[in-house]
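Reader: Could you take me on a close look at the nonpolar interior of this model? I would enjoy a walk through its packing, with the overall build as background.

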Amino acid sequence: MKKIALILVLVSSITIVFGQKNVRQTASNYLKDGKLDKSMEAINQCILDPSTATDAKAWFIRGNVYLEIANTKEEKFKSLDPDPTTKSLESYKKAIEYDTKKEYYDDIVAKLNWQRNNFYNAAVENYNNKQYKDAMLNFSRGADVMELANVPDTVAILNAATCASLANEKEASKQYYLRLLKVNYKTPTVYITISDIYRQEKDSTNALKYVRLGQQEFPNDLQLFLAETNIYLTFNNTPKALNNLQVALAKDSTNYSVAFALGTIYDNISNDSSKTVAQREEAFGKAIKAYSTSIRLNSEHFEGYYNLGALYGNK
């Protein structure tokens, strides 16, 4: 009798599983017919049942259903859910999690890429209308979509970072640039931008940390070297700033801005009453030379002329 009872239980379980798979197919059929309300009802019934709650195909179909709801033009279906895009993406994420054999992975990536493009196009429109914060959010959403499939969308993240800067969302901008490093998108500009945000926040430790990380990756990049110099200038570390600028001018003798920056440091020393007369006179001569070099390298550099004139005037 015990064996018969066991067989009956097994048969009953199999019937339930197949029953839910039939519901899953029904949801798929409704979706093909454009009956989004009935499809949503059927697929939600399916994924709530314990026997199919971890079924990758069911979650994939659910993702498709909510994606169609998110993009439908029909008013009667638009009100089916207040946030169908989120439910769609959550469903695809579940499908990827349960799809151990990757049967639906390529199809899911194709769907995610399609949704990513929707966000991307919306972001471009926002950008063209100078709605930079909205553009930032939509670029970010596009990147988040692809991240569900472990596909880093560096273009969207970089665009989000740029729009964050334009929207004066400094913290968001910093986080997007840091995110680029996490997905191994490493360029001198990324390191310099992160460092400069920390510099503006008066965080010298992190400012130097990221500029030096960049220098490890790109040891011969002059812009990273100048970014380090800018940190020293900001935090009044004159000796290190002076040394860096001298090295930078030796590396690039055509850079008028480096010569000008060098001139400003010598200019400040020449006016520093804590220095000896000899030190101030020496700095005065070097300031003249540096400013003159900046003018020679760029004859339209107004600041070079102005500071040189002011230097003589103060003298």
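Author: Happily; here is the nonpolar interior, set against the overall build.

This is a predicted model, in which local features need pLDDT of at least 70, side-chain atom pairs count only at pLDDT 80 or more, and totals for chains, interfaces and linings use all residues. Residues are numbered from 1 along each chain as its sequence is written, and side-chain values use heavy atoms, with hydrogens and water left out.

The protein chain holds 16 helices and zero strands (DSSP runs of H or I with at least four residues, and of E with at least two, numbered from the N terminus). Its radius of gyration, taken over C-alpha atoms, is 31 Å, well over the 20 Å that the globule rule gives for 315 residues, so the chain is more spread out than a compact globule. That rule is 2.2 Å times the number of residues to the power 0.38. The C-alpha trace spans about 110 × 50 × 30 Å along its principal axes.

Now to the interior. Of the 315 residues, 42% count as buried, meaning under 20% relative accessible area with a 1.4 Å probe, protein chains only. A nonpolar core is a set of buried Ala, Val, Leu, Ile, Met, Phe, Trp, Tyr and Cys residues joined through side-chain atoms within 4.5 Å. The largest one has 52 residues, and F139, Y176, I194, Y266 and L311 have the most contacts inside it. Leaving aside neighbours within four places in sequence, I194 touches Y177, L178, L181 and Y210, contact meaning heavy atoms within 4.5 Å. Apart from this core lies another, of 31 residues, including C46, I61, A95 and L112.

Notes:
Buried means under 20% relative accessible area, exposed over 50%, partly exposed in between (1.4 Å probe, protein chains only).
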